[in-house]
Amino acid sequence: MTILCVRFQLPSADEAALPALLGLLEEFTPVVQALPPDTALADLRGAERYFGRTAVELASVIRVRALALHGVDCVIGAGSGPMTARMALREARPGRTRAVAEDEVREFLAGRPVVALPGVGTKTARTLCEYGLDTLGRVAAAPLSTLQRLVGARASRELHEKANGVDRGRVVPNAVSRSLATERPFTRDELDPGRHRRALLSAAGELGARLRALDKVCRSLTLTVRYADRSATTRTRTLPEPTAHSAALTRTAYGLYEALGLQRARVRAIALRAEGLDAAERASHQLTFDPVDEKVRRIEEVADRARAKFGPRAVMPGTLAA
């Protein structure tokens with residue numbers, strides 16, 4: 001077990017707190033990959049040799065330091081690869097690291113539904129389940145030729161390897177500034193899809209305002225839905241064109257949410273993350289003759305000027321898009 005997946009239990013998705021917490025991990029290893037708004041991967045192979053401690057023992061030190069220096073608790077999953085560590089995190093609890101040894105990976109995966117595997121979307125899972133391949137154990141035991149007919153040659157090889165515990169992923173150090181995130185927690189577990197959509201509207205509006213204030217655009221949007229049982233679903237969609245337009249972000253957020261097909265899900269929080277940030281001056285914009293779109297963009301410009309002059313509460317994010 002050399003890879004840790006650490007989720008910091010921030011009071012809200014305060015991205016400003018994440019760089020300092022990443023710095024804490026970098027005291028043990030330079031190989032740290034940020035997964036905003038509140039999670040990171042850390043490769044501790046060198047740290048295990050240097051400190052003479054296992055990854056699980058180092059995880060305990062990281063947890064204590066996060067509490068002592070930042071007042072933030074964390075949950076940690078440990079595994080031989082990034083995929084295993086991320087899946088172990090789902091079973092982790094505060095104060096205890098969920099560790100999956102290399103020789104335990106196949107058994108750990110076997111009984112889990114196929115949708116639990118990172119990278120397997122709802123459509124692929126539905127196709128596999130229609131043919132009785134509803135668990136990773138059954139996918140691992142299925143002939144590769146069968147999977148190729150169901151999901152294609154390339155996807156089937158990757159799926160078969162992952163279901164058998166082969167994790168070829170690696171931790172890629174990156175910069176947290178390549179993304180912006182915001183979260184909308186609910187005061188109680190929320191069942192109402194209407195309230196979910198209002199949270200998405202507000203979050204997308206905030207991201208758009210923050211991007212425009214920084215003269216940035218984003219290339220993709222990631223939705224994370226956290227449930228009452230502490231599990232979460234994350235989906236990412238590439239935007240038709242790089243944008244900071246709140247209405248475009250809202251449409252994409254709604255599309256991601258609707259694709260989940262939630263049925264009376266008890267949602268604890270909804271988070272949006274704008275990724276692939278780039279300078280707005282380098283982004284191209286497809287011209288349109290839609291007067292409504294142009295009107296909304298002009299209103300956004302006025303709202304941004306009001307926000308810059310009178311403060312962020314002068315115009316509440318999410319009130320300009322429908």
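**Note on salt bridges and pockets**

1. The side chains of E258 and R197 form a salt bridge, with N to O at 2.9 Å. This pair joins distant parts of the chain, since E258 belongs to helix α11 and R197 to helix α10 (residues 193–213), 61 residues apart. R197 has a relative accessibility of 29% and therefore counts as partly exposed. The model discussed here is predicted.

2. In total, the structure holds 17 salt bridges. Another of them pairs the side chains of R266 and D189 at 3.1 Å, N to O. Here too distant parts of the chain are linked: R266 lies in the loop between α11 (246–260) and β9, D189 lies in strand β6, and 77 residues separate them. R266 is partly exposed because its relative accessibility is 48%; D189, at 25%, is also partly exposed.

3. Within helix α10, E206 and R210 are 4 residues apart and so are separated by about one helical turn. The two form a salt bridge whose closest N and O atoms are 3.3 Å apart.

4. The largest pocket encloses about 1400 Å³ of space. It is lined by 45 residues, of which R86, R90, A116, P118 and T234 are the closest to its centre. The lining comprises 19 nonpolar, 11 polar and 15 charged residues.

5. The second largest pocket has a volume of about 500 Å³. Among its 22 lining residues, R7, Q9, D38, R226 and R268 are the closest to the centre. Strand β6 contributes the most to this lining, with 3 residues. D38 and R226 also belong, with E183, to a network of salt bridges.

Conventions
Residues are numbered from 1 along each chain as its sequence is written. This is a predicted model: local features need pLDDT of at least 70, side-chain atom pairs count only at pLDDT 80 or more; totals for chains, interfaces and linings use all residues. Side-chain values use heavy atoms; hydrogens and water are left out. On a 1 Å grid over the protein atoms alone, a cavity is a set of points where a 1.4 Å probe fits but cannot get out, and a pocket is an open set with protein on both sides within 12 Å along at least five of seven lines; lining residues have an atom within 4 Å of a point. Grid points are joined across faces, edges and corners, and a volume is the space filled by probe spheres set on the points. Ala, Val, Leu, Ile, Met, Phe, Trp, Tyr, Cys and Pro count as nonpolar, Asp, Glu, Lys and Arg as charged, and the others, Gly among them, as polar. Helices (H or I, at least four residues) and strands (E, at least two) are DSSP runs, numbered from the N terminus. A salt bridge is a side-chain nitrogen of Lys or Arg within 4 Å of a carboxyl oxygen of Asp or Glu. Buried means under 20% relative accessible area, exposed over 50%, partly exposed in between (1.4 Å probe, protein chains only).
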